[in-house]
Amino acid sequence: MVERFLSQTSFTSVEDFKEHLHFNIKENFNFAYDVVDAWAEEQPDKLALLWTNDEGAEIKLSFSDIKQRSDQAAAYLQSLGIGHGDMVMLILKRRLEWWITMLALCKIGAVAIPATHMLTKKDIIYRNNRASVKAIICVGEEYVISQIQAAMPDSPTVDVLVSVGPIVGEGFHDWNAEIGNAPAFVRPKHVNTNDDTMLMYFTSGTSGEPKMVAHDHLYALGHLTTGVFWHNLSEDSIHLTVADTGWGKAVWGKFYGQWFAGATVFVYDHEKFSADSMLRQMEKHRVTSFCAPPTVYRFLIREDFSQYDLSALRYCCTAGEALNAAVYDKFRQLTGIKLMEGFGQTETTMTLGTMPWMEPKPGSMGMPNPQYDIQLIKADGTPCEEGEKGEIVVRVGDRKPIGLFKEYYRDEELTREAWHDGLYHTGDMAWRDEDGYYWFEGRIDDVIKSSGYRIGPFEVESALMTHPAVVECAITGVPDDIRGMVVKATVVLGKEWKDKAGDALVKELQNHVKRVTAPYKYPRIIEFVDELPKTISGKIRRVEIRDKDKAQQTNS
């Protein structure tokens, strides 16, 4: 499959990858037809999806099954009046119907808008009206159904509501009762061009209101490198990415790149994360490849790995936030596997990564993916030298890189702010070492300026994470009359340390940071909490911590 879309399909070095990664771009490329249906034709019985849940259910679907079900779903959606260019919001958690509907929408040229099940009435109204959503397909759960129903009076563009069960609310179509009555699917004469919008995400909102990130059909092709090379997948791989389908990481790890490789996508549909349950699923189903945000690895490494048979596991990756070196070292000690880090955004596919032919440096996000022209620039726009901190930007020439977003939908001003003078500005800070590896510093807005120093939150978080008491932490700046800002650490303690929270532990953690990194970076304020505020994608919402501190200062 891969050879249809790349001039060269295997690489042995950074130089080889950089010089010879070339895409063969098909006119009117469509992932559903050109990849998934092509697998169904050539290897119809090959296992495409292995779905399980926390109640013990298990469903196996071959590529032939996936084609049949997505054809049926496409015909069903057409019978409901959904067609080319229509905006369809999917609130499906990890239900099997998400994979089927994503393909069905692709087959009729409609636009998928995956969303989290935690949206409130207000969130749903905002999304419906900003994107002119025509249809919502959702899990039939009381909370989700009730929030959608409450949003309808203020959502004039929404014509169609579909529930996949078990609850079918008033005003909703019943997916399970109706889909079998759909007519035979007939592929539309014209489905899409490469420039048509295929997928749209509302950003997870680590700061400000969510933005609408619009992707064209070549975005799927851009993820070939994600699955085939960064995840190092092949036809015999069974791959698990931990991600809710409302987050962009789902298409990074549970959809596009994995099926380019012909791998089996493993899905564990669970209500509440448990490190033990996750490891048991990996053991039972012989998962060979795993990807999760650093938060998940932090909890996994606290389990007794001698109790699990992970002998099938061969390759592991991480993305979402920068990986602390302490977590990398502990996971390798437990498994013998090196964690391969990657970096990207909702607006991109993987832009930087540690590839199989590279030796990972713990805590580094790797090197640029050659499908993007990545540079580091200082505030004045000049290039950074080795060791200098700057913003990660993508240089855009005459043709938009495959995988880069089209625009912030219906917001020309916001698009121009991020994408101007031939550069897409990621808003993320990093530095590059003498070997060309990039090291994450944090969002531009997260950098703390204290007593003339610029302090990146990640370097302090990494220092704290090497203390055995710390499970998770977030570093933010707190306004200070003398220093301008002081460093604050919001810390989640391990269960065996929780009863030790107090002044003595605060002092111990402060002294620990002074020993591990430059003393001026130590947190002058430490707050112990049970959990950190996060987006659905697992990213820490430092803006929420800052806003809370600001409100407390205002009221004091």
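**Entry: Ile59**

I started with the neighbours of Ile59: setting aside residues within four places in sequence, Ile59 is in contact with Leu49, Leu50, Trp51 and Leu96. A reminder to myself that this is a predicted model. I then looked up where Ile59 sits, and it belongs to strand β2, residues 58-62. Buried or exposed, or something in between, at 30% relative accessibility? Buried would need under 20% and exposed over 50%, so at 30% Ile59 goes down as partly exposed. I also checked Ile59 against Val265: they are 206 residues apart in sequence, and their C-alpha atoms are 12 Å apart in space.

**Entry: helix α3**

Next I went to α3, residues 63-79. Does a ruler agree with the residue count? What should 17 residues span at 1.5 Å a residue? The expected figure is 24 Å, and I get 24 Å between the end C-alpha atoms, so the two agree. For burial in α3, I noted Phe63, Ile66, Ser70, Asp71, Ala73, Ala74, Ala75, Tyr76 and Leu77. After α3 comes Gly81, with a positive phi near 90°.

**Entry: α2 against α3**

I wanted the packing geometry here. Helix α2 covers residues 31-42, and it packs on α3 at an angle of about 125° with the axes 8 Å apart. Roughly perpendicular stops at 115 and roughly antiparallel starts over 145, so α2 and α3 are filed as oblique to each other. I have the crossing of α2 and α3 down as left-handed.

Which residues meet? From α2 I listed Val36, Asp37, Trp39 and Ala40; facing them from α3 are Phe63, Ser64, Ile66, Lys67 and Asp71. Sorted by class, this contact of α2 with α3 has five nonpolar residues, one polar and three charged. Phe63, Ile66 and Asp71 of that contact are also on my list of buried α3 residues.

**Entry: helix α4**

I ran the span check on α4 too, residues 97-108. Its 12 residues should cover 16 Å at 1.5 Å a residue, and the end C-alpha atoms are 16 Å apart, so this one agrees as well. How many of the residues of α4 are buried? I count 12 of the 12, so α4 is largely enclosed by the rest of the structure. The buried set includes Trp98, Trp99 and Met102, and it also takes in Glu97 and Lys107. Gly109 follows α4, and its phi is positive, near 75°.

**Entry: α16 against α17**

Then a second helix pair, α16 (residues 457-465) and α17 (residues 503-516): their axes come within 9 Å and cross at roughly 115°. That angle makes α16 roughly perpendicular to α17. The crossing of α16 and α17 is right-handed. On the α16 side I found Val460, Ala463 and Leu464 in the contact, and on the α17 side Leu509, His512, Val513 and Val516. By class the contact of α16 with α17 has six nonpolar residues, one polar and no charged ones.

**Entry: Asp196**

Last stop was Asp196, in the loop between α7 (175-178) and β8 (197-202). What does Asp196 touch, residues up to four places away in sequence not counted? I noted His84, His190, Val191, His215, Asp216, His217 and Lys406. I also took the C-alpha distance from Asp196 to Leu218: 9.2 Å in space, with their positions 22 residues apart in sequence.

How values were computed
Residues numbered from 1 in each chain as written. Predicted model: local features only at pLDDT ≥ 70, side-chain atom pairs only at ≥ 80, totals over all residues. Heavy atoms only, no water. Helix = DSSP H or I, 4+ residues; strand = E, 2+ residues; numbered from the N terminus. Expected span 1.5 Å × (residues − 1). Buried < 20%, exposed > 50% of the residue type's maximum accessible area, 1.4 Å probe, protein only. Axes fitted to C-alpha atoms, helices over the stretch in contact; angles between N-to-C directions. Parallel < 35°, antiparallel > 145°, perpendicular 65-115°, else oblique. Left-handed = near helix turned anticlockwise from the far one by under 90°. Contact = heavy atoms within 4.5 Å. Nonpolar A, V, L, I, M, F, W, Y, C, P; charged D, E, K, R; others polar.
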